[in-house]
Amino acid sequence: MADRHTMTPAADADGALLRVRGLSKRFDHVVALDGVSFEAHGNEVLGLVGDNGAGKSTLIKLVSGVHRPNAGEIVFADREVAFATPRDSRERGIEVIYQDMALVDELEVWENVFLGRLLRTRVKTIDRRRMIAEAAELLESLGLGSLSPTAQVGYLSGGQKKAVAISRALYWDARLIFMDEPTAALAVVEIGKVLELIGRLRETGVAVVFVSHNLQEIFSTADRIMVLHRGQLAGIRQTGETDQDEIIKLMMGVR
Amino acid sequence: MQAGKILKHAAIAAVLALGIAVGGQSANADGYKVIYIAPQLNNAADIVIARNWQDVSESLGMDAVIKNAEISAKREADEWATAIALGYDAIVGGPVDSLAATISVKKANEAGIPVFMLGRTSAGGKVELIARADNISLGTIAAEELVRRIEEQRGEIAGKVLELHGPMDQVNARQRSEAIQAVLAKHPKIELIRKLQHWTPEEFFDITKSVASANELVGITMGSDVIPGVDAALDSLGQLKKIGEPGHIVVTGIDADPRILDLIGNDLWDASALQDMVGYGTILAHYIKHYLDGSFKITAAGPIDNPGAPYHGIEARWSEATEGWQIETPSRPVDKSNYTDPTLWGNAIKKYQ
Amino acid sequence: MTRFLLRNAVWIVLLFTTIAFVAVEPRLLSVRIFINVLEHSSILGILVIGMIFCLLAGRFDLSSESTLGFTALVGAWMVSTNPFFGSGWQLPPALVIVLMLGMGAGVGCLNSFFIIKLRVNAFIVTLAMLLALRGFTYVFTNANTMYDLPPSFAALGGYSIGGLLPISVILFLSLFVVSQFVLSYTTFGRDLYAIGGNREAAFAAGIRVDRRTLTAFVLSGMLGALAAWVLAGRLQAVTINLGQGMVFEVFAAAVIGGVSLAGGKGTMMGPLGGVLLLGVITTGLSVMPISSFWVDAVRGVLILAAVVLWRVTEIFEERWRTGTP
């Protein structure tokens, strides 16, 4: 396994890296997602909004292989995919930064960065020294130099944890990054840093799907805004061609 | 852990039920129907008690059934209630809990079913005859054999002796240990080291090894030799010597387990006080047959007088608590001179393999 | 420094307990007794290693003591040369050992099948497995003691180098070193921490949670079988109640050694201290001229004290953690 993916940005004719068609998911009798279709492009931040239970988390889990869809197709980088586990989606370059289930408190920062993909030496033992060095370098490059790679994650603040989660996604040179409420429970200064980070990611050609409850953040960051309502797609708008009122109406199901 | 016991005994019960089903076909259809409600069937000794009693009973023309209380007083009460309802001609008990079983015995008394006890007894109710081993005799013989052989080996009765005893809340463990202590107390040069264990081979091994490492022992005795570990511990210390060799540590036990008989044969174990499980089961089976026939009943304390019966000459004593008679079969030492005797339970058990 | 002391509290307790015992009973201060402690600890130690693999993954294996009892008895039954109580097959020891380890692995597979695939609670599954195995143990052997084991079969548990240092001691100490290495330096070991620490995060990060859990249970089963082999050789005989009740000491050693029952936290070296502490207590009490009536009470109180002490150090560590930004 190559340690880093050799990155080739979206190569679709119309620039779409991810295309989703008619994606549906039921849990017992509850329809969590109902025939949702959308596209995500490289060099673009797609804002994803919707009320609680609108299907945002389910959508992320379906695309990243945590759950299997009941219907619909997912085309990633021109190939139809059916990820059985998150491991498969990560190997293709899809990273998810979850709002709560991302990190292992008992482990140190470097190990969380490399979680599930520990680097190994030639004798197949884990390469602790190299991972610590690379984690330090990564944190430095993100302006998080004060964070020690050997600090135990359980001891970190909310913002620091989020930074670790984001740096993990970045280390692996993902092509598509889902961010589920990356700014929740953060101090104002930290929110600014995260939004700045998202902007920087877009510059590098990555497709970012950014979930937030805060419409101001969405409007200041996203290129397009996609709205879910009760598991269905309520609409997709260019940020410049809409306003908060319209988005709120879509979120509430008013047409 | 209760659930554990239920499940583990269910397995044995299944095996036994099979045996009974097969055995049942050969039973005399016109004979008396008798039942033994065993406290447990999870060790060779309890199985030998039950199977021998059943074999002898059937050889006398009775229809003998075994049930297993699986070390549960509740399960035991249920088995008794079923047996009473089915109207057996006699019920033989061996209670898990002597107090709880008293209630069951009284119910059988009310139903007019005679009750007998094998190996252990209830605390009350009317019991026609209790047949069991004499714990005092077991402990006394184990200790006397130990002392005698220490003298033979060392020239004097002196030195450190290890006694592995069971938990003191168990009647058998306490009576045996008290008898051992009483004998050893007569020999002032014997220093007794008493160690508690819970009948596990790991404890037998570890305690023997630790004590023998820190002390120069002349002898070892124990509440039951059904549990292995002592000889292996001595072996691992290089202290397992044959009888008569210099440095031999005298070892005597109680019960005379089949494995011990082999060790005795190899001169690696001095002696064991026999718990005559085959003997008292045989006695009880015969007595029940005679009792039900009406041909013989014990009427007075003292040696039983019924020539030809296997219990002839054995001392009967009145048991106040159970308003009936009891006999305690005395132990006898087993050593190199008699270890191949086929009537020893350790040899008799081989026919059940 | 404080943190280091807290993390290694068990070794300090071990040191003080040993000193206290030796002060009361100077005869304890001998190479022979020291080795007895190690030998006594070896069976418990091997089981504890298996339990730690499961505990770190956030599961536990109550069945290991009966895996020990079952494989020991069936193994002895197959290999015994006794004409009455064995199977009569007298299989070659090497084959029997392979079969025993295979049975241990099989128990681990069954456990994890129920836990992972059928999602039954690990407590229920391994408890049921414990009961079932004990039941089978009776069925197999007619409740007899198995003995007359061939010397080559008994060597691992019974042979001592120079008549003093048992191979089982070397085996058990090296197993601890190897498994500590596995935990610290292999992806399997690290993945266990991740799984026990946060199973969803581990899964989302692409760790093969099920496969790792299966491996932990299989290891636990095989270590149970290995302990069975050692113990059978040491006792030169196997009874149906072999290993019964050991699960309590296994948990005690793990907890005293700082392994979290919630998963994801602990080492091999801490519980090694716990195992040795229990060994010192047991061996010390059997050498000391203490009244038999007191042994159980003293033992229980000492174990309780060790567990409480561990909890106190943990509380201190939590304070230290929350008090630091």
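1. A:Glu246 has 26% relative accessibility and therefore counts as partly exposed. Its partner in a salt bridge is A:Arg237, with 2.6 Å from N to O. A:Arg237 also counts as partly exposed, because its relative accessibility is 26%. The model discussed here is a predicted one, and a search over all of its chains finds 32 salt bridges.

2. In chain B, the side chains of B:Glu156 and B:Lys189 form a salt bridge at 3.6 Å, N to O. B:Glu156 sits in the loop between helix H5 (135-154) and E6 of chain B, and B:Lys189 in the loop between helix H6 (171-184) and E7 of chain B, so the pair ties together parts 33 residues apart in sequence. B:Glu156 is partly exposed because its relative accessibility is 38%. B:Lys189, at 56% relative accessibility, counts as exposed.

3. A further salt bridge in chain B joins B:Asp255 to B:Arg176, where the closest N and O atoms are 3.7 Å apart. B:Asp255 belongs to strand E9 (residues 250-255) of chain B and B:Arg176 to helix H6 of chain B, so this pair ties together parts that are 79 residues apart in sequence. Here both partners, B:Asp255 and B:Arg176, are buried.

4. Chain B also holds a network of salt bridges, which links B:Glu145, B:Arg148, B:Arg149, B:Glu152 and B:Asp335.

5. The domain assignment splits chain B into domain 1 (2-125 + 277-330) and domain 2 (135-274). Taken over C-alpha atoms, the centres of domain 1 of chain B and domain 2 of chain B are 32 Å apart.

6. On the arrangement of chains: two pairs of chains touch, and the most contacts are between chains B and C. Chain A and chain B do not touch, and 34 Å separates their nearest C-alpha atoms.

7. Between chains B and C, 46 residues of chain B are in contact with 43 residues of chain C. The buried area is about 3700 Å², and carbon and sulfur atoms give 58% of that area. One salt bridge is found across the interface of chain B and chain C. It is formed by B:Lys209 and C:Glu39, with the closest N and O atoms 2.4 Å apart. Twelve residue pairs are in polar contact across this interface, both residues being at pLDDT 80 or more.

8. On the side of chain B that touches chain C, the elements giving two or more residues are helices H1 (2-25), H2 (44-59), H7 (201-214), H8 (230-236) and H9 (258-265), together with strands E6 (159-165) and E7 (190-196), of chain B. H7(B) gives the largest share, ten residues. By residue class, this side of chain B divides into 23 nonpolar, twelve polar and eleven charged.

9. Which residues does C:His40 touch, leaving aside its neighbours within four places in sequence? C:His40 is in contact with B:Asp206, C:Arg234, C:Gly279, C:Thr282 and C:Thr283. C:His40 is placed in helix H3 (residues 31-56) of chain C. With a relative accessibility of 15%, C:His40 counts as buried because the cut-off for that class is under 20%.

10. In the contact of chain A with chain C, 24 residues come from chain A and 29 residues from chain C. About 2200 Å² is buried between chain A and chain C, with 59% given by carbon and sulfur atoms. The interface of chain A and chain C has one salt bridge, between C:Arg190 and A:Glu111, whose closest N and O atoms are 2.6 Å apart. Six residue pairs are in polar contact between chain A and chain C, both residues being at pLDDT 80 or more. Helix H2 (residues 86-92) of chain A gives the largest share of the side of chain A that touches chain C, namely three residues. That side of chain A divides into twelve nonpolar, five polar and seven charged residues.

11. H1(A) is mostly covered, with six of its eight residues buried. These are A:Lys56, A:Thr58, A:Leu59, A:Ile60, A:Leu62 and A:Val63. Just after H1(A), A:Gly65 has a positive phi of about 90°.

12. A:Leu59 lies in helix H1 (residues 56-63) of chain A and counts as buried because its relative accessibility is 0%. Not counting residues up to four places away in sequence, A:Leu59 touches A:Leu23, A:Leu33, A:Phe38, A:Leu48, A:Met226 and A:Leu228. The C-alpha atoms of A:Leu59 and A:Val36 are 8.7 Å apart, the two residues being 23 residues apart along the chain.

Definitions and conventions:
Residues are numbered from 1 along each chain as its sequence is written. Chains are lettered from A and ligands numbered from 1 in the order in which they are written. This is a predicted model: local features need pLDDT of at least 70, side-chain atom pairs count only at pLDDT 80 or more; totals for chains, interfaces and linings use all residues. Side-chain values use heavy atoms; hydrogens and water are left out. Contact means heavy atoms within 4.5 Å. Buried area is the accessible area (1.4 Å probe) that two parts lose on being put together, summed over both. A salt bridge is a side-chain nitrogen of Lys or Arg within 4 Å of a carboxyl oxygen of Asp or Glu. A polar contact is a pair of N or O atoms within 3.5 Å; within protein, one must be able to donate a hydrogen and the other to accept it, and residues adjacent in sequence count only if both atoms are side-chain atoms. Helices (H or I, at least four residues) and strands (E, at least two) are DSSP runs, numbered from the N terminus. Ala, Val, Leu, Ile, Met, Phe, Trp, Tyr, Cys and Pro count as nonpolar, Asp, Glu, Lys and Arg as charged, and the others, Gly among them, as polar. Buried means under 20% relative accessible area, exposed over 50%, partly exposed in between (1.4 Å probe, protein chains only). Domain bounds come from an automatic or database domain assignment.
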